[in-house]
Amino acid sequence: MIPASISPPVRAPHHNGNTPRMADPLKDAAIDLEAAFLTEMLKSAGFGEQRKSFGGGAGESQFGTFLVRAQAEQIARSGGIGLAESLYRALLEAEK
């Protein structure tokens, strides 16, 4: 039994995707900016371009940009290259 004066450590609830999470608009903006940057970098690296043989036709070239953007967003939300964190800190400083 735990004495009344000592309480167990408080743990943050685990986010399982079903419970709403407090949104931080500055963090979201920083992640969106990093995703936009990564989208352009992936495009210039050739991601999303139509293949020469066995290509998907017009649909592949039209929707390839959506795939590149989705990949860039996932990279940014997974930690990215650190740009979002730097932007977030700069936005916090500018807000003060």
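Trainee: Is Glu93 buried or exposed, and at what relative accessibility?

Mentor: This is a predicted model. Glu93 has 54% relative accessibility, so Glu93 counts as exposed. The cut-off for exposed is over 50%.

Trainee: Which side chain does Glu93 meet in a salt bridge?

Mentor: Lys96, at 3.7 Å, N to O. Lys96 is exposed too, with a relative accessible area of 77%. Elsewhere, salt bridges that share partners join Lys27, Glu85 and Arg89 into one network.

Trainee: How many salt bridges are there by this rule?

Mentor: The count comes to 6. One of them joins the side chains of Arg77 and Asp32 at 3.7 Å, N to O. That pair links distant parts of the chain: Arg77 lies in helix α2, Asp32 in helix α1, and 45 residues separate them. Asp32 counts as partly exposed, at 36% relative accessibility.

Trainee: Which salt bridge partners are 4 residues apart in helix α2?

Mentor: Start with the general idea. An α-helix has 3.6 residues a turn, so residues three or four places apart point the same way. Now the case here. Arg69 and Glu73 are 4 residues apart in α2, about one helical turn. Their side chains meet at 3.0 Å, N to O. Arg69 is partly exposed at 27% relative accessibility, and Glu73 is partly exposed at 32%.

Trainee: How do I read an aromatic pair?

Mentor: Use the distance of the centres and the angle of the planes. The structure holds 1 aromatic pair. The rings of Phe63 and Phe66 have centres 5.7 Å apart and planes at 35°, so the pair is tilted. Under 30 degrees would count as stacked, over 60 as edge-to-face. Both residues lie in helix α2 (residues 58–77), 3 residues apart. Both are exposed.

Trainee: Which ring has the charged end of Lys27 over it?

Mentor: The ring of Tyr88. The charged end of Lys27 sits 4.9 Å from the ring centre.

Trainee: What span should the 20 residues of α1 have?

Mentor: At 1.5 Å a residue, 28 Å. The end C-alpha atoms are 29 Å apart, which agrees. The buried residues of α1 include Leu26, Ile31, Glu34 and Leu38. Just after α1, Gly46 takes a positive phi of about 100°.

Trainee: Which residues form a nonpolar patch on the surface?

Mentor: Phe37, Met41 and Ile81, with about 280 Å² of accessible area together. Phe37 is found in helix α1 (residues 25–44). At 36% relative accessibility, Phe37 counts as partly exposed.

How values were computed
Residues are numbered from 1 along each chain as its sequence is written. This is a predicted model: local features need pLDDT of at least 70, side-chain atom pairs count only at pLDDT 80 or more; totals for chains, interfaces and linings use all residues. Side-chain values use heavy atoms; hydrogens and water are left out. Rings of Phe, Tyr and Trp (its six-membered ring) pair if their centres lie within 6.5 Å; planes under 30 degrees apart count as stacked, over 60 as edge-to-face and the rest as tilted. Helices (H or I, at least four residues) and strands (E, at least two) are DSSP runs, numbered from the N terminus. Buried means under 20% relative accessible area, exposed over 50%, partly exposed in between (1.4 Å probe, protein chains only). A charge sits over a ring if NZ of Lys or CZ of Arg is within 6 Å of the ring centre and within 35 degrees of the ring normal. Patches are made of residues with over 30% relative accessible area and no salt bridge: like charges are joined within 9 Å, nonpolar side chains (Val, Leu, Ile, Met, Phe, Trp, Tyr) within 5 Å. Accessible areas come from the Shrake-Rupley method with a 1.4 Å probe; for residues, only the protein chains shown count as cover. A salt bridge is a side-chain nitrogen of Lys or Arg within 4 Å of a carboxyl oxygen of Asp or Glu. The expected span of a helix is 1.5 Å times one less than its number of residues.
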